[in-house]
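Please read the sequence and the model side by side as you follow this explanation, which moves from aromatic side chains to strands and then to helices.

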Amino acid sequence: MKLKLTILALSLALATISCKKQSVSSLEQQSPDVKLENDYLAFKDQATFFKYYQLNSTLSESERLKWEQSIHFNSLTTIYNKFNSELDELEKGTKENYLIGFKSLQQQYKGAILFTEDSYKLNSSGMREAALANKNGILKVGNDYLYTSEKGVTTYKSTTYEKALEMIASKVTTELYGAVPPPNSFTSRLGGWYVVNKDRGRVLMRMKLYNINNPAFGYQSFSSLEGMTEHKNIFGTWRDVNMSINFTPVSSKTPGMSFWPDNLTSNLGDYPNSLTLNPNCLDGLYNTKHFDRVLAISNGLQGKINLIDPNAKGSSEFVNYAIAPAMYPNTNLYWRDVSLNVTEFSVMIQPGGVLSNPAVVFNSIIIFDTQDGGVINQ
């Protein structure tokens with residue numbers, strides 16, 4: 001019996017390793033559809049972009065770096081991690097050297113990272129976008145350039161990279177703003193950051209909505225919850241630290257969200273549709289500094305995800321999501337807005353780091369305003 005159990009455990013381990021290798025291989029095998037132009041990635045079309053958007057989130061840090069090196073690419077994620085490593089080294093020295101070095105790093109990484117007097121943040125609309133964007137937050141899809149800044153995804157249509165940079169600097173866009181996702185688009189609507197302070201730690205979370213409209217997928221939508229925890233170091237800078245997070249069971253209530261569907265041909269009104277979230281949606285979020293977990297997807301997107309790669313179903317961010325039912329005969333639906341219902345979170349900053357930051361256990365957190373964000377002190 002012991003021999004049988006040993007053989008079974010070995011088989012499961014080999015199967016897991018095989019799935020991981022297939023995920024990396026899937027990225028490498030699709031290389032004709034994506035190439036490096038100058039220092040940014042150029043994807044053949046919207047469908048190809050979303051394949052990589054999905055598959056990249058299945059990779060571990062070492063696998064992601066291996067893939068980047070195989071195509072000689074340096075992503076915004078890699079640049080951000082390099083900055084943090086340099087700041088880690090500065091923390092080991094004196095306060096004077098730290099402050100001088102921190103100011104120097106601010107100039108070196110300006111644009112890729114957003115700085116305040118005592119904090120910093122990746123200038124990106126999300127983790128998955130940052131892993132595919134260059135140092136300027138740009139990637140190319142078809143003939144369009146996507147700028148994935150901290151405020152959202154902006155499209156610069158049928159232009160050049162140089163012109164896109166000029167328009168970003170002057171805050172001009174060729175994108176048509178409005179509720180309806182235009183053809184061949186990947187658009188976002190990001191909520192404000194909800195900040196919860198306690199002792200020398202804080203939690204930052206925001207709700208996000210993405211809409212897709214392309215010939216391969218049609219109209220599809222999904223929402224995600226992005227979050228991170230920070231601790232103020234001895235020099236007064238808020239630094240990323242590890243956390244664990246999950247839903248907190250509330251008597252007679254289940255975690256949920258609402259979404260407002262809309263379409264091109266008729267007004268569906270301002271009545272939201274409620275959706276029960278998967279109670280296991282946040283499983284596995286421990287020893288992590290930053291997450292961007294997909295909470296729910298539109299009904300038609302499920303089949304598209306399965307077609308992309310069977311291993312992607314078990315990725316760290318596209319996992320245990322809820323699927324919105326197909327409630328209307330019109331398939332040209334998109335989500336105009338999303339919000340969390342009364343949903344509580346339990347969060348703990350885990351002890352550790354260069355200077356061994358202490359643990360911080362937060363009281364139950366409820367995000368009341370998913371659009372504008374807010375600040376709560378515990």
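**Rings, strands and helices**

Phe102 has a relative accessibility of 4% and therefore counts as buried, and it is a convenient place to enter this model, which is predicted. A pair of aromatic rings is described by the distance of the centres and the angle of the planes. The structure holds 29 aromatic pairs, and one of them joins Phe102 to Phe115 in an edge-to-face arrangement, with 6.1 Å from centre to centre and 70° between the planes. Because Phe102 belongs to helix H5 (residues 95-108) while Phe115 belongs to strand E3 (residues 113-115), this pair ties together parts that are 13 residues apart in sequence.

Phe115 itself, at 22% relative accessibility, counts as partly exposed, since buried means under 20%. The ring of Phe115 also pairs with that of Tyr120, and because their centres lie 6.4 Å apart with the planes at 45°, this second pair is tilted. Tyr120, in turn, is buried, with a relative accessible area of 2%.

Elsewhere among the aromatic side chains, ring pairs link a cluster whose members include Phe43, Phe49, Phe50, Tyr52, Tyr53 and Trp67, and also Phe186, Tyr210, Phe217, Phe222 and Phe318. A ring can also be met by a charge, as with Trp238, where the charged end of Arg202 sits over the ring at 4.3 Å from its centre.

The strands come next. In a regular strand the side chains alternate between the two faces of the sheet. Strand E15 (residues 273-276) shows such an alternation, for Asn273 and Leu275 point to one face and are buried, whereas Ser274 and Thr276 point to the other face and are not buried. Strand E15 is joined by 4 bridges to strand E14 (residues 256-263), and the two run antiparallel. Within this pairing, Ser258 stands opposite Ser274 of E15, and Ser274 is one of the residues on the face that is not buried.

Helices can be read in a similar way. Two packed helices are described by the angle between their axes and the distance between the axes. Helix H3 (residues 61-70) packs with helix H4 (residues 76-91) at an angle of about 120°, and their axes are 11 Å apart. H3 and H4 are therefore oblique to each other, because angles of 65 to 115 degrees would count as roughly perpendicular and those over 145 as roughly antiparallel. The crossing that H3 and H4 make is left-handed.

Definitions and conventions. Residues numbered from 1 in each chain as written. Predicted model: local features only at pLDDT ≥ 70, side-chain atom pairs only at ≥ 80, totals over all residues. Heavy atoms only, no water. Phe/Tyr/Trp six-rings, centres within 6.5 Å; stacked < 30°, edge-to-face > 60°. Buried < 20%, exposed > 50% of the residue type's maximum accessible area, 1.4 Å probe, protein only. Lys NZ or Arg CZ within 6 Å of the ring centre and 35° of its normal. Pairing = 2+ DSSP bridges. Axes fitted to C-alpha atoms, helices over the stretch in contact; angles between N-to-C directions. Parallel < 35°, antiparallel > 145°, perpendicular 65-115°, else oblique. Left-handed = near helix turned anticlockwise from the far one by under 90°.
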